[in-house]
Amino acid sequence: KRQKQNEKQQQLRLLSPEKVLKTMAREYFTMLGTVSSTHAGLELMSQNKLFDFLRPMSELPGRDDLSHLIMTSLDYNIEVKDPTKLGGGSRDILSKALTSSSKVVRYLATRHMRVLLRVGVSNYDDWGISMLVHQLQDSDQKVAQVALNVLDEACDDQKCLAALIRHNPPLLKHGKPGKNLLLRFMQNQNGLELLQQMDFVESEMKLWKEFESVNYLIGIESALSEALSSTIWRQRVGSDQSNNGVYLPPHFYGELTKNLNGCELLKNSGHFEWILKTAFGENSHTKPIERRAALFSLGQIGSSPTGFTFLERSNAIEYMVKLCQSSPCLSTRGTCFYVLGMVSKIEKAREILEKWGWESPVLLQSCITVPKSIQASGFFKVPAYKVYEPAIDIDPVSASESLDEPGKEIISFVGKLTNHITADNASRNIKRLKTKHPEHFSSPVIINIAV
């Protein structure tokens, strides 16, 4: 009986989970957010000790919904120089949410930091970056990963990048994403000096010459292949599957040449001459993948005003256009097309491309360039190829016996799809196997057996 009374009292409360979900009670916090957007509103909230109530309310165990509602409703534009006078202020409550005992609240608060970044909250570089750097140390890997992603986006703003460099967090322990973010430090003079003190620049330069440039290209081409493939053939299945965009990660040479001192380092290293020779040289020992990797390096170098001077002095754009229009290797043509698009956001590059019969949209941010005349340009003219097709005669029975266990399971369940009784279960198992062994679903042998 007492339990029923407690449940009834809980339902009658204004901010009970059910009422917050189904009624306008949640809009109370929206009003508080509007009030907190002005100095007069903050003083009013302080006089009525509203922050003294909001702070413990945002930390209530089992009420993650309230914590999320409070932190997403408050305004964070006004800096409270003396938090004791105004009850701690909105940023204090956000800081509490970021260090909450609940993993869910910490995750949601860290994601909200991206929202605040995108709406342009004032002085984000002063307080937002330090909060995100602290989140990198979170015990939950998901929270740390979100913080790293938000920091990467924040570094598009030079003030935020400078603030992150001042904090100098241990990014290398976050693997490849952390290293990519560290590469962006080279855009800034202080960041470049910091990395030089760590002997990071010299060691990375050697790695990028030896194999990292090729690895970068492989990553980009795999992502492009994935984005342009039908969902049936995709190797990875994720929550971001609907977004087919391919975003270029930081490139060592590209980031280095965004800084005048970095340009000097590249010039003295002799790496640019090596890149040119690999991209346009006639050495028969140069592999096509190495040539494409070198072309991407040129594109990254030439996509900044400071780095473009390297391409301008070496007539690299002229060679790229010729390669794009006449290379017998179609993948090299495609790479040249992407690279010319990358450098087309530089005004001087557009002038040179105009001279060679290529044009771009008015907006410099468009990053695309195409031939003015399809007939005059050789870009779309594919030379005749002699195709030698080996006779493929696969015996399904013997081929099935040579498959490993996952392959045999796939073939077995594909066969069961023809029976309406077993079809549903077979379909579920095929989906399970695709998640577990995606490489088997692009195997020519398995496809031939199934067909």
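Let's start with salt bridges: in this predicted model, the count comes to 15 salt bridges. I'd like to walk you through a few of them, so please keep the structure in view.

Take Arg-55 and Asp-92. Their side chains meet in a salt bridge, with 3.1 Å from N to O. Where do these two sit? Arg-55 lies in helix H5, residues 50–58, and Asp-92 lies in helix H7, residues 89–98, so the pair ties together parts that are 37 residues apart in sequence. Asp-92 has a relative accessibility of 26%, so we call this residue partly exposed.

The next pair is Asp-138 with Arg-106. Here the closest N and O atoms of the salt bridge are 2.6 Å apart. Asp-138 lies in the loop between helix H9 (124–135) and helix H10 (141–154), while Arg-106 belongs to helix H8, residues 103–119, so this bridge ties together parts 32 residues apart in sequence. Now, are the partners buried or exposed? Asp-138 is buried, at a relative accessible area of 14%. Arg-106 is buried too, at 8% relative accessibility.

Helices H8 and H10 come up again in our third pair, Glu-153 and Arg-118. These side chains form a salt bridge at 2.7 Å, N to O. Glu-153 is in helix H10 and Arg-118 is in helix H8, so the bridge ties together parts that are 35 residues apart in sequence. Glu-153 counts as partly exposed, with 24% relative accessibility. Arg-118, on the other hand, reaches 58% and counts as exposed. Before we leave the salt bridges, let me return to Arg-55 and Asp-92: together with Asp-52 they make one network, joined by salt bridges that share partners.

Now let's look at helix H9. How well does its length match what we'd expect? At 1.5 Å a residue, its 12 residues should span 16 Å, and the end C-alpha atoms are 15 Å apart, which agrees. And how enclosed is this helix? Of the 12 residues in H9, 9 are buried, so the helix is largely enclosed by the rest of the structure. If you want to find some on screen, the buried residues include Tyr-124, Trp-127, Ile-129, Met-131 and Leu-132. So what covers them? The cover includes H7, H8, H10 and helix H11, residues 158–167. You'll recognise H7 as the helix that holds Asp-92.

Let's zoom out to the whole protein chain. There are 26 helices and 2 strands. Buried residues make up 42% of the 451 residues. Among contacts with a separation of 6 or more, 59% are between residues 24 or more positions apart. As for the outside, the accessible surface comes to about 25,700 Å², and 55% of that belongs to carbon and sulfur atoms.

Finally, a word on confidence. The chain averages a pLDDT of 83, and 89% of the residues score at least 70. Two stretches deserve some care as you look around. Over residues 83–88 the pLDDT is below 50, and this stretch has 11 contacts in the model beyond near neighbours in sequence. The pLDDT also stays under 50 over residues 237–242, where the model has 2 contacts beyond four places in sequence.

That's my tour, and I'm happy to go back to any of the pairs on screen. Thanks for listening!

Terms used. Residues are numbered from 1 along each chain as its sequence is written. This is a predicted model: local features need pLDDT of at least 70, side-chain atom pairs count only at pLDDT 80 or more; totals for chains, interfaces and linings use all residues. Side-chain values use heavy atoms; hydrogens and water are left out. Helices (H or I, at least four residues) and strands (E, at least two) are DSSP runs, numbered from the N terminus. Buried means under 20% relative accessible area, exposed over 50%, partly exposed in between (1.4 Å probe, protein chains only). Contact means heavy atoms within 4.5 Å. Accessible areas come from the Shrake-Rupley method with a 1.4 Å probe; for residues, only the protein chains shown count as cover. A salt bridge is a side-chain nitrogen of Lys or Arg within 4 Å of a carboxyl oxygen of Asp or Glu. pLDDT is the predictor's confidence in each residue, from 0 to 100. The expected span of a helix is 1.5 Å times one less than its number of residues.
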